[in-house]
Amino acid sequence: MEPAENNTRSLNFIETIIEEDLQNNKNNGEVHFRFPPEPNGYLHIGHAKSICLNFGLAEKYNGLCNLRFDDTNPTKEETEYVDSIKEDIRWLGFQWENELFASNYFDQLYTWAVQLIKQGKAYVDEQSQEEISRQKGVPTRPGTESPYRNRPVEENLLLFEKMRNGEVPDGSMVLRAKIDMSSPNMHLRDPIMYRVLHAEHHRTGNKWSIYPMYDFAHGQSDYIEGITHSLCTLEFEIHRPLYDWFLDQLAEEGRPRPRQIEFARLNLSYTVMSKRKLLKLVEENLVTGWDDPRMPTISGLRRRGYTPESIREFADRIGIAKRDNVIDVGLLEFSVREHLNKITPRVFGVLNPVKVIITNYPEGKEEMLTLINNPEDDAAGTRQVPFSRELYIEQDDFMEEPPRKFFRLGPGREVRLKGAYIIKCEDYKKDENGQITEIYCTYDPETKSGSGVQRKVKGTLHWVSVQHALNAEVRLYDRLFLDEDPAGHKDRDFKEFLNPDSLKVLQNCMLEPSLKDAKQGDKVQFQRLGYFCVDKESSPEHLIFNRTVPLRDSWKRK
RNA sequence: UGCCCGAUGGUGUAAUUGGCAACACGUCUGACUCUGAAUCAGAAGAGUCCAGGUUCGAACCCUGGUCGGGCAACCA
C-alpha cells in the first residue's frame with residue numbers, strides 16, 4: 001500500500017505523523033480512528049470537518065473508524081441526538097466500523113477506578129463542590145490538598161462502593177485521582193473521575209448512580225477500542241497530560257496505545273458554531289429548528305440543498321492545522337455551486353413575475369420548445385417547454401430607463417428569451433403606484449432558437465408561459481448573521497447580529513410545468529438565479545423551493 | 001502575572017524537512033457566451049509577527065520579545 005504516492009498533494013501535520021508511525025511499524029502498522037460525538041445536540045459543519053478527517057484518514061490509510069458516542073453525562077444526552085448523528089454521518093457518505101458507546105465501558109471503567117484506589121492513586125472526596133473548586137487554586141497559584149486526600153485505601157473502597165450503590169446523594173462525594181495539587185496544569189490537580197448522579201441514562205437506565213467524567217472515560221475508551229490516533233480539537237490539548245496519565249496507570253504492554261492529537265476547530269464567518277448557541281437559536285425560536293436551512297448544522301445544510309459531496313470537498317479544501325482560523329463562508333458556497341453546477345438540471349422559474357404580452361404572436365397558439373437540461377452534462381438530455389403569447393419574466397429584467405450597460409429589457413430594446421425568440425419591447429403599462437403591470441413586445445419569428453439564426457442580442461432572459469405556469473412558494477435564504485463574527489463581541493450578545501432578512505418568503509412564483517412532479521430534496525438551477533431544492537414541507541398542491549445559493553452575479557456586484 | 005498552543009497575501013492551506021514563497025477561495029482585467037452562470041486567458045496582492053544569532057544560504061534552526069488563542073464545570 002502506498003497511500004501518498006499517487007497523490008502529490010502535501011500532507012497535513014496529522015498525516016505526517018501517521019506516515020511516520022506507519023514507517024516505524026508502530027501498532028503493527030495499523031491505524032484506527034474514531035469519531036466521538038456527545039449525543040447532546042445536532043452535528044454541524046464543524047463536526048463535518050472532524051468526520052471527514054477521521055473517516056477520511058481511515059480510508060486513506062486502510063484503517064478503521066469507529067463511531068463512539070461519548071455518553072457519560074446522562075443529564076444532557078438523548079436518543080434523539082444519537083439518531084440524528086447517525087443519519088448525518090451516513091448522509092455525508094461514511095460508514096463506521098463499530099457503533100459504540102462510552103457507556104459500554106462503564107463496568108471496565110469502574111474496575112479500573114477500583115484498581116487506582118487500591119494503588120493509592122484515587123480517593124473519595126466528601127467536600128462540597130465549592131470547597132473543591134476553592135482548593136483547586138488558580139492557574140497562577142498552586143492549589144491545596146483535600147483533607148480526605150490521604151484516607152486509607154479500605155475507606156476509599158467502601159465509600160466508592162456506597163457511591164456506586166446509590167447510597168449517597170448527588171454531589172455529596174466524588175472520586176478523585178491523586179496527582180498533583182500544585183501542577184501548573186489545572187487538569188492535573190486531582191481531577192474528578194466520578195461523580196454521583198442519580199439520573200437515568202439513555203442506554204444503561206438506572207443501573208448506575210455514578211458516572212465517569214470525560215477525562216476518565218475518553219482515553220480509556222480509545223484504549224479499549226484499539227484506537228491508534230485520537231484526534232480532537234485544540235481545547236483538549238491541555239487535557240493530554242491527563243489523558244496520558246491515566247493510560248500510564250492502566251495500559252498494558254503490547255496493546256496499541258492511543259495518541260491524542262489536536263487540531264484547530266472550524267470557524268465559519270457570519271455564523272456561530274457552538275452547540276450551546278445553536279441550541280439557543282432553536283429554543284428561542286429564532287430559527288424553525290435544528291434543520292432550519294439557515295443553520296450551519298448538517299441537517300440544516302441538507303435541507304438547504306447542500307450535497308454531501310460539496311461538504312466533503314469543502315472539508316478537504318480548508319485543510320487541517322493547529323492555528324485558529326476563520327473560513328470565509330464564501331468558500332462553502334463555492335463548493336456547493338461547483339457541485340450543483342455539474343449535476344442540476346436547468347429550469348425556468350420566475351420569482352417576481354411581470355407579464356409580457358407578445359402582440360404579434362397568434363392568440364391561442366402554443367408551441368413546445370426544446371431546452372437543454374444541463375450544458376455541463378450531455379447525458380442530462382433535453383425537455384419540452386411550452387411557449388405562448390403571454391409570458392412571465394422577472395421584474396428585475398425590465399427597466400423603464402435602463403443604463404447603457406443594462407443588457408435586459410427596456411423600451412425599444414431587444415432581448416432573447418432563452419430557448420425561444422428574440423423579442424422587442426414596444427410598450428408597457430403601469431398602475432397608479434408606478435408598478436409595471438404589463439409589457440408589450442413583438443417577436444421575430446425568424447429568430448427561433450436552434451433555427452440557425454445568427455442575429456445576436458446582448459441579453460438573454462428566462463421566462464414562463466402564463467397559462468402553463470406552476471405556482472410555487474420560494475424561500476430565499478441569506479446568511480443568518482450580519483456580523484462576520486457574531487460571537488466575537490465581548491459586550492454584545494450574538495443574537496443582536498441576526499440578519500432580519502435571512503429569510504424572504506416569496507409567494508406566487510411562476511415555474512415551468514416540468515417541475516410539477518418535483519419531489520422533496522430535488523435540486524435544480526433556476527436559470528440565471530441560483531440553485532434551489534424542494535423543501536420537505538413541499539407538496540404537489542403547494543410547491544416550496546429553498547434557495548441553496550444564488551448564482552455568482554458579476555452584474556449585481558457592480 | 002503560571003502553564004500549554006499558535007503566528008506565511010483579504011481568507012485558508014502549502015513549501016521536497018535549510019536552497020531565493022506555491023495552491024485554492026476572494027478581488028480585478030479580458031475572451032467567450034442563447035444563464036451578466038460556467039469555461040478560458042491574464043493581473044494585482046505576502047517577502048513569512050519583531051529583533052538578534054547560526055549558516056554560503058533561514059518561513060523552516062537558536063535566543064529574546066510582541067501579539068493571538070486556550071486552561072481555574074461534579075460539561076464534553
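In this predicted model, a sugar or linking oxygen of RNA strand B sits 3.3 Å from an N or O atom in the side chain of Asp324. Elements contributing two or more residues to the surface near RNA strand B are β6 (192-196), α11 (308-318) and α12 (329-343). Of these, α12 provides the largest share, three residues.

Two further polar contacts help to fill in the picture of the RNA-facing surface. The side chain of His187 places a polar atom 3.3 Å from a sugar or linking oxygen of RNA strand B. At Ile320 the backbone takes part instead, with a polar atom 3.2 Å from a phosphate oxygen of the strand. Taken as a whole, the surroundings of RNA strand B comprise 68 residues, and the closest are Thr72, Arg195, Arg346, Phe407 and Ser449. By residue class, this surface divides into 23 nonpolar, 22 polar and 23 charged residues. On the RNA side, sugar or phosphate accounts for 64% of the strand's atoms within 4 Å of the protein, while bases account for the rest.

It is helpful to turn next to how the protein itself is divided. The domain assignment of chain A gives three parts: domain 1 (13-263), domain 2 (268-345 + 472-557) and domain 3 (351-462). Domain 2 is thus written as two segments of the chain, 268-345 and 472-557. The C-alpha centres of domain 1 and domain 2 are 35 Å apart, and 26 residues of domain 1 are in contact with 26 residues of domain 2.

The size of an interface is often given as the accessible area lost when the parts come together. For domain 1 and domain 2, the buried area is about 2,200 Å², with 71% of it on carbon and sulfur atoms. Three residues stand out here: His44, Ile45 and Trp91 supply 34% of the area that domain 1 buries against domain 2, more than any other three residues.

Polar and charged pairs also cross this interface. The rule finds four salt bridges between domain 1 and domain 2, along with eight residue pairs in polar contact. On the domain 1 side, α1 (13-23), α2 (45-60), α3 (79-92) and β9 (259-263) each supply at least two of the residues that touch domain 2. Helix α2 gives the most, with seven residues. The residues on this side of domain 1 divide into 14 nonpolar, six polar and six charged.

Side chains of opposite charge can pair when their charged atoms come close. One such pair is Lys322 and Glu237, whose side chains meet in a salt bridge at 2.6 Å, N to O. Another joins Lys60 to Glu15, with an N to O distance of 2.9 Å. This second pair links distant parts of the chain, as Lys60 lies in helix α2 and Glu15 in helix α1, 45 residues apart. In total, the count by this rule comes to 44 salt bridges.

Note on methods:
Residues are numbered from 1 along each chain as its sequence is written. Chains are lettered from A and ligands numbered from 1 in the order in which they are written. This is a predicted model: local features need pLDDT of at least 70, side-chain atom pairs count only at pLDDT 80 or more; totals for chains, interfaces and linings use all residues. Side-chain values use heavy atoms; hydrogens and water are left out. Domain bounds come from an automatic or database domain assignment. Contact means heavy atoms within 4.5 Å. Buried area is the accessible area (1.4 Å probe) that two parts lose on being put together, summed over both. A polar contact is a pair of N or O atoms within 3.5 Å; within protein, one must be able to donate a hydrogen and the other to accept it, and residues adjacent in sequence count only if both atoms are side-chain atoms. Helices (H or I, at least four residues) and strands (E, at least two) are DSSP runs, numbered from the N terminus. Ala, Val, Leu, Ile, Met, Phe, Trp, Tyr, Cys and Pro count as nonpolar, Asp, Glu, Lys and Arg as charged, and the others, Gly among them, as polar. A residue is near a molecule or strand if one of its heavy atoms lies within 4 Å of it.
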